[in-house]
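Thanks for asking me to look this one over. Here are my notes, set out as numbered points for you to follow with the structure open.

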Amino acid sequence: MLIDDLDRCFPDQAIRLLESIKLVLAQPGFIFVLGVARKVIEGYLQHRYTKQYGIADFKGELYLDKIVQLPFHIPPSTGRMGHFCKLLLADQPATVAAELDPVLPVVAQALGGNPRALIRFVNNILIDHAISQDLAGSVERGGIPIRFFTVTRCLEHRWPEVFDALTTSDDVAKAVDAWTPDTYATHAGGAGPAATVATQLLSDPELRLLLKGAHGHEWLTDPVPRGASVSFLFTQQRLSQLDTSEVSVKYDAFVSYQADNRREAIQIVDGLSQAGLRIFFDQHISPGTDWQETLNNALSSSSVLLLCVGARTGESQWQTRELDLALDRAETLIIPVLLPGTDLSTAPDFVRRRQGVDMRDGVSEEAVTLLIRAIESRRRRPSSS
């Protein structure tokens, strides 16, 4: 008997079904296969037994362990997305498949390797393209090229602040196209929309793949179809948060720093990103954004917090809040990074108790390598979920 989506049932119904399964487990000839999000079911059970029955030390995971004799965790689909993209394009016209084949695997990575999110994304751009072909005045009367819709929608989905910066200034878009990886850190140290784009390019390998490939070059340098695709999305097919509800991005590390140490933080992010690590850098937070919600989500998606400690670290309320949020998460590894000006005698007790990485003489390649090894070691650990 195959039972799928048990975690999508109402909690009382899901638990009642589990109780029914227990009644027939010992009967010959019965095999139950449960397809569930384990954390959700454990949460149901935990709530019921602690809140409803007052059993304070009840463990939801132990309840499932007594029922399930062979747990099997489906591995992440990220490594299989290239093949999945080929399958999605197999039924499309040859012209459409040829346009999407180079860029769709990049979009798949940007969407967190989630097959459902990618299917919705492809459905959206196919409809966008079909509608645009019937609109008078569209690019060359043949509609907007679907590859432009692909880049435009992907930016809007995953990097809205970069989308805003690039679609409101042709000069910024043209400048970004001319940048090389060795200049990202320099541009990130500036201000304005260009610095916003540079910061994201510096810390996010998926954005680099999207914008620095042939599809990205064309999108950045050809303002007519780019502008048409953006205008279409705003006037005809406006995006919804529902389109990205299942997109979950995991970060290898969250870099926490005080404003005075911005230059050193950028150097550290540059070194980590060159090693292929995905870093959350709090300059990603756009004006008007609920910063606490953003930080909560980013920290919950990061396995490591790099706490950059400088001369005035204790004066930053944001950095103190970031540390408090990380301390509330037992699974987050916190690594103090000692920057120039750090006085250990006045540093917080937490910093003095932890083994950190010493960069008081400046950000060095050797020190960044230590951070890379620590982060990669954490990344190789099997998930506990």
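1. First, the model is predicted. A good place to start is the pair Asp-65 and Arg-38. With a relative accessibility of 41%, Asp-65 falls in the partly exposed class, because that class covers values between 20% and 50%. Its partner Arg-38 is also partly exposed, at 24%.

2. These two residues form a salt bridge, and their closest N and O atoms are 2.6 Å apart. The link spans distant parts of the chain: Asp-65 belongs to helix α3 (residues 60-67) and Arg-38 to helix α2 (residues 38-52), with their positions 27 residues apart in the numbering. If you display this region, please add Glu-42 as well, since Arg-38, Glu-42 and Asp-65 are linked in a network of salt bridges. Over the whole structure, the search finds twelve salt bridges.

3. Next, have a look at Glu-218 and Arg-147. They too form a salt bridge, with 2.7 Å between the closest N and O atoms. Glu-218 sits in helix α14 (residues 214-221) and Arg-147 in helix α8 (residues 146-158), so this pair ties together parts that lie 71 residues apart in sequence. Both ends are partly exposed: Glu-218 has 24% relative accessibility, and Arg-147 has 25%.

4. The salt bridge between Arg-226 and Asp-170 deserves its own point. Their side chains meet at 2.5 Å, N to O. Arg-226 is in helix α15 (residues 223-235) and Asp-170 in helix α10 (residues 170-178), so the pair ties together parts 56 residues apart in sequence. Here the two ends fall in separate classes. Arg-226 counts as buried because its relative accessibility is 3%, under the 20% cut-off, whereas Asp-170 is partly exposed at 45%.

5. Now for the sheet. In what order do the strands of the open sheet run? The order is β4-β3-β5-β6-β7, five strands with parallel pairing. At the edges are β4 (279-281) and β7, each of which pairs on one side only. Helix α18 (residues 317-327) packs on this sheet and touches β3, β5 and β6; its direction makes about 145° with that of β5.

6. The pairings can be followed strand by strand. β3 and β4 run parallel and are joined by three bridges, with Ala-253 having Ile-279 of β4 as its bridge partner. Strand β3 (residues 253-256) also pairs with β5 in the parallel sense, again over three bridges, and Val-255 stands opposite Leu-306 in β5. Strand β5 (residues 304-309) is joined to β6 by six bridges, running parallel. There, the partner of Leu-306 in β6 is Ile-335. Finally, two bridges connect β6 to the parallel strand β7 (residues 357-358), and Leu-338 has Asp-358 of β7 as its bridge partner.

7. How are the side chains of β3 placed: buried or exposed? Ala-253 and Val-255 point one way from the strand and Phe-254 and Ser-256 the other way, and all are buried. For strand β6 (residues 333-338), five of the six residues are buried, so this strand is largely enclosed by the rest of the structure.

8. Val-309 is a handy residue for inspecting this part of the sheet. Val-309 is found in strand β5 and is buried, with a relative accessible area of 2%. Leaving aside residues up to four places away in sequence, Val-309 touches Pro-336, Val-337, Leu-338, Leu-339, Thr-342 and Val-351. Its C-alpha atom is separated by 9.9 Å from that of Gly-356, a residue 47 places away along the chain.

9. Last, a surface feature. Leu-2, Ile-31 and Val-33 form a nonpolar patch with about 330 Å² of accessible area together. Leu-2 lies in strand β1 (residues 2-4). Why does Leu-2 count as exposed? Its relative accessibility is 67%, and the exposed class takes in values over 50%, so Leu-2 belongs there.

Technical notes. Residues numbered from 1 in each chain as written. Predicted model: local features only at pLDDT ≥ 70, side-chain atom pairs only at ≥ 80, totals over all residues. Heavy atoms only, no water. Patch = residues over 30% accessible without salt bridge, like charges linked within 9 Å, V, L, I, M, F, W, Y side chains within 5 Å. Areas by Shrake-Rupley, 256 points an atom, 1.4 Å probe, with all protein chains shown as cover. Salt bridge = Lys/Arg side-chain N within 4 Å of Asp/Glu carboxyl O. Helix = DSSP H or I, 4+ residues; strand = E, 2+ residues; numbered from the N terminus. Buried < 20%, exposed > 50% of the residue type's maximum accessible area, 1.4 Å probe, protein only. Pairing = 2+ DSSP bridges. Contact = heavy atoms within 4.5 Å. Axes fitted to C-alpha atoms, helices over the stretch in contact; angles between N-to-C directions.
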